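Please work through the two exercises below with the sequence and the structure at hand, and try each task before reading its solution.

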Amino acid sequence: MLIERIWAANAYRNFHYLIACPETGEALAIDPLEWRLCQDVARARGWNITQILNTHEHHDHIGGNEGLVGATHAKVLAHAGAASRIGGVDRGLGKGDVIRVGRTVELECLDTPGHTMTHICLLGHGDAPALFCGDTLFNAGAGNCSGGGQPEALYNTFATQLARLPDQTRVFPGHEYLARNLEFTLDREPGNADAQALLAKARGADPAAAVVTTLAEEKRVNTFFRLQSPAVIARLREAFPDLEERPDERTVFIKLRELRNRW
Ligand SMILES: [Zn+2]
Ligand SMILES: [Zn+2]
């Protein structure tokens, strides 16, 4: 499986992805808002974009569909529940569905509600698993729920799906927010040495060359995976004085999400 991450260099700070079969050159484009850029990269690699995957229905993920379909006749794939809102969807997806690209690539669909209630993450298995997580999981952060999502559902997605994936899973999100998210982590846990080291690397770095984190790293630097950390809980109780001394993980996650909205 060949993976090309494309920095869109736009105001949304989108990352687009091309996933290609090394034998046939067929490629899947994920959330190709800046579709001409995706098409240029595909051409340069000698690939043909035959499928488009929208992780969810927000404009900054689907706005390139029409242009790219016009240029390539690619099929559009998206969560079955989002199809009517996206329009032009050729294949509605659900949990456990498999997307094949060329002869060699297989991607599993995870049904991951929370950022919106119809959000798909793609998982590539193998020795170096890869998770394409749209606006559900960001490097060192979590998606917001203000555009049709629910924090409870996002917690369930993190706890029952993402946290259980192999530690070596590489994380490929829909936006580049690493430095800002690490600043939030460090405001919760000022002594988090892993977050400090990663922030030093991320600050001033070219987003096009941003690090690719793994889930093992995320569990060290992403506050939304650190729900039992005494430091996280203590700082949260400063912001929410009514919070009990030993809140459950669900409560910690939801309060962190609420705090992040206004942080
Ligand atoms: Zn979104
Ligand atoms: Zn987005």
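The exercises that follow concern a predicted model, and they treat a sheet and then a metal site.

**Exercise 1.** Determine the order of the strands in the open five-stranded sheet, and state which strands lie at its edges.

*Solution.* Begin with the pairing of β10, residues 130-134, which runs parallel to β13 and is joined to that strand by four bridges; within this pair, phenylalanine 132 has phenylalanine 172 of β13 as its bridge partner. Next, place this pair in the whole sheet, where the order is β7-β8-β9-β10-β13 and the pairing is mixed. The edges are then β7 (98-101) and β13 (170-173), since each of these strands pairs on one side only. Finally, the average turn between neighbouring strands of this sheet, with direction ignored, is 25°.

**Exercise 2.** Identify the protein donors of the zinc ion (ligand 2), and classify the geometry of its site.

*Solution.* First, list the donors, which are Asp60 (OD), His61 (NE2), Asp135 (OD) and His175 (NE2), at 2.0 to 2.3 Å from the ion; along the chain their spacing reads D-H-x73-D-x39-H. Second, examine the angles among the four donor atoms, which span 87 to 159°. A tetrahedral site would need all angles between 85 and 135 degrees, and the site is classed as irregular. Third, consider the neighbouring ion: aspartate 135 bridges the zinc ion (ligand 2) and the zinc ion (ligand 1), and the two ions are 3.4 Å apart. Aspartate 135, in the loop between β10 and β11 (137-138), and histidine 175, in the loop between β13 and α6 (178-188), link distant parts of the chain, 40 residues apart. Both of these residues, aspartate 135 and histidine 175, are buried.

Methods:
Residues are numbered from 1 along each chain as its sequence is written. Chains are lettered from A and ligands numbered from 1 in the order in which they are written. This is a predicted model: local features need pLDDT of at least 70, side-chain atom pairs count only at pLDDT 80 or more; totals for chains, interfaces and linings use all residues. Side-chain values use heavy atoms; hydrogens and water are left out. Two strands pair if DSSP finds at least two bridges between them. Helices (H or I, at least four residues) and strands (E, at least two) are DSSP runs, numbered from the N terminus. Axes are lines fitted to C-alpha atoms, for helices over the stretch in contact, and angles run from 0 to 180 degrees between N-to-C directions. Donors are N, O and S atoms within 2.8 Å of the metal (3.2 Å for Na, K and Ca); water is not among the atoms, so sites may look incomplete. Four donors count as tetrahedral if all angles lie between 85 and 135 degrees; four count as square planar and six as octahedral if opposite donors are over 155 degrees apart and all others between 65 and 115; anything else is irregular. Buried means under 20% relative accessible area, exposed over 50%, partly exposed in between (1.4 Å probe, protein chains only).
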